[in-house]
Amino acid sequence: MLVNATHMLQSAEKGHYGLGAFNTNNLEWAQAILTAAEEEQSPLIIQCSMGAAKYQGGYDVVATIVNHLVKNMNITVPVALHLDHGTYEACFEAMDAGFTSIMYDGSHEETFDINVEHTKELVKLAHQKGLSIEAEVGGIGGTEDGVTGMGEIADPEECKVIADLGVDFLACGIGNIHGLYPANWKGLQFDALAAIKEKVGDLPLVLHGGTGIPEDQVKKAISLGVSKVNVNTDLQVVFAEATRKYIEAGKDQQGKGYDPRKLLAPGKQAIIDRTKELMTEFGSVGKGWE
Ligand code: 13P
């Protein structure tokens with residue numbers, strides 16, 4: 001059975017370790033991420049963007065896949081299914097479909113007041129249903145699902161306003177961006193992170209754009225109060241690399257190498273291996289039901 005992400009993130013915050021929140025794109029992704037979590041006995045947040053849910057046929061398809069895999073793969077660690085960067089409307093759809101956690105991304109709304117109003121309403125609804133909710137202050141840069149953010153630095157006062165609405169964890173821009181980092185990227189703004197943490201107390205913070213941030217910066221961010229690290233592009237890159245290697249070696253043309261169960265196997269294994277590495281880096285290995 002799926003759980004919400006509140007307890008696992010509060011434990012991470014108290015224990016000063018991070019939990020990876022890994023984006024799923026299809027069946028193989030979900031299987032691979034769950035396999036890694038079980039093998040490492042790490043609690044898991046498996047998350048899905050609006051675009052990836054549409055691609056898979058809807059939020060209910062994603063919820064069904066993840067729910068049944070958890071049961072049929074005999075997964076023993078806690079697993080939360082989280083909506084990544086939901087609009088106001090998408091949050092309702094994901095809640096109805098059986099997601100156990102939602103992110104309302106109001107950072108693109110016209111005014112901060114709209115972000116506050118929507119977050120307030122969704123916090124109430126999510127909590128009535130026993131779900132956890134993430135909100136966002138300060139847009140994350142980069143492009144995701146066709147939306148390009150400017151990569152703002154979140155205002156600590158605004159973070160405090162949103163935190164006080166009762167959200168369970170909070171995403172805040174600290175110079176992080178989605179996708180691959182450009183060569184001239186300045187790095188994470190730790191002063192901003194420390195100022196935000198000071199305002200929000202023990203509320204777990206979320207670091208989006210987890211792909212390609214140097215390990216020492218990720219670890220420092222975790223030590224300063226980041227409890228959830230979002231990773232999407234990284235797993236796409238390792239999947240693509242492994243698949244390319246298989247094709248370039250001509251393996252799809254040997255025997256029944258074209259069978260998707262064979263063709264997609266190296267990519268799937270690459271996701272398992274990389275997810276396990278990241279769980280080690282973030283410190284969630286062996287944390288199970290802590
Ligand atoms: P990356 O694709 O850069 O890993 O970012 C993922 C993310 O933040 C999802 O919300």
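**Helix packing, a barrel and a ligand shell**

Modeller: Let's start where α4 meets α5: Tyr59, Asp60 and Ala63 come from α4, and Glu93, Ala94 and Ala97 from α5. Bear in mind that this is a predicted model.

Colleague: What makes those residues count as meeting in α4 and α5?

Modeller: They count as in contact because their C-beta atoms, placed from the backbone, lie within 7 Å. By class, this contact of α4 with α5 holds 4 nonpolar and 2 charged residues, with no polar ones.

Colleague: And why is α4 called oblique to α5?

Modeller: Helix α4 (residues 59–72) and helix α5 (residues 88–97) pack at about 40°, and their axes are 8 Å apart. Roughly parallel would need an angle under 35 degrees and roughly perpendicular starts at 65, so an angle between those limits is oblique. That is what makes α4 oblique to α5. As for handedness, α4 passes α5 in a right-handed crossing.

Colleague: What does α5 lie across?

Modeller: Strands β3 (79–86) and β4 (101–104), with α5 running at about 160° to β3. An angle over 145 counts as roughly antiparallel, so α5 is roughly antiparallel to β3.

Colleague: Which strands close into a barrel, and in what order?

Modeller: There are 8 strands in it, going β1-β2-β3-β4-β5-β8-β9-β10, and the pairing is parallel. On average, neighbouring strands of this sheet are turned by 25° against each other, direction ignored.

Colleague: How do you know that β9 and β10 pair?

Modeller: Strand β9 (residues 205–207) and strand β10 (residues 226–231) share 3 bridges, in the parallel sense. Pairing takes at least two bridges, so β9 and β10 qualify. Leu205 stands opposite Val226 in β10.

Colleague: Which residues come nearest to the ligand?

Modeller: Of the 14 residues around the ligand, the nearest are His208, Thr211, Asn230, Asn232 and Thr233. The elements giving two or more residues to that shell are β3, β10 and α10 (233–248).

Colleague: How many residues of the shell around the ligand are polar, and how many nonpolar?

Modeller: The shell around the ligand has 11 polar residues and 1 nonpolar, plus 2 charged.

Colleague: Back to helices. How do α10 and α12 pack?

Modeller: α10 and helix α12 (residues 265–282) pack at about 140°, with axes 8 Å apart. Roughly antiparallel needs over 145 and roughly perpendicular ends at 115, so α10 and α12 are oblique. Their crossing is right-handed. Among the residues making the contact are Leu235, Val238 and Phe239 of α10 and Ala270, Ile271 and Arg274 of α12. The contact of α10 with α12 divides into 8 nonpolar, 4 polar and 4 charged residues.

Colleague: And where do α7 and α8 meet?

Modeller: Pro156, Cys159, Lys160 and Ala163 in α7 meet Ala195, Ile196, Lys199 and Val200 in α8. Those residues divide into 6 nonpolar and 2 charged, with no polar ones. Lysine counts as charged, so Lys160 and Lys199 are the charged pair here. The crossing of α7 and α8 is right-handed.

Conventions:
Residues numbered from 1 in each chain as written. Predicted model: local features only at pLDDT ≥ 70, side-chain atom pairs only at ≥ 80, totals over all residues. Axes fitted to C-alpha atoms, helices over the stretch in contact; angles between N-to-C directions. Helix = DSSP H or I, 4+ residues; strand = E, 2+ residues; numbered from the N terminus. Left-handed = near helix turned anticlockwise from the far one by under 90°. Contact = placed C-beta atoms within 7 Å. Near = placed C-beta within 6 Å.
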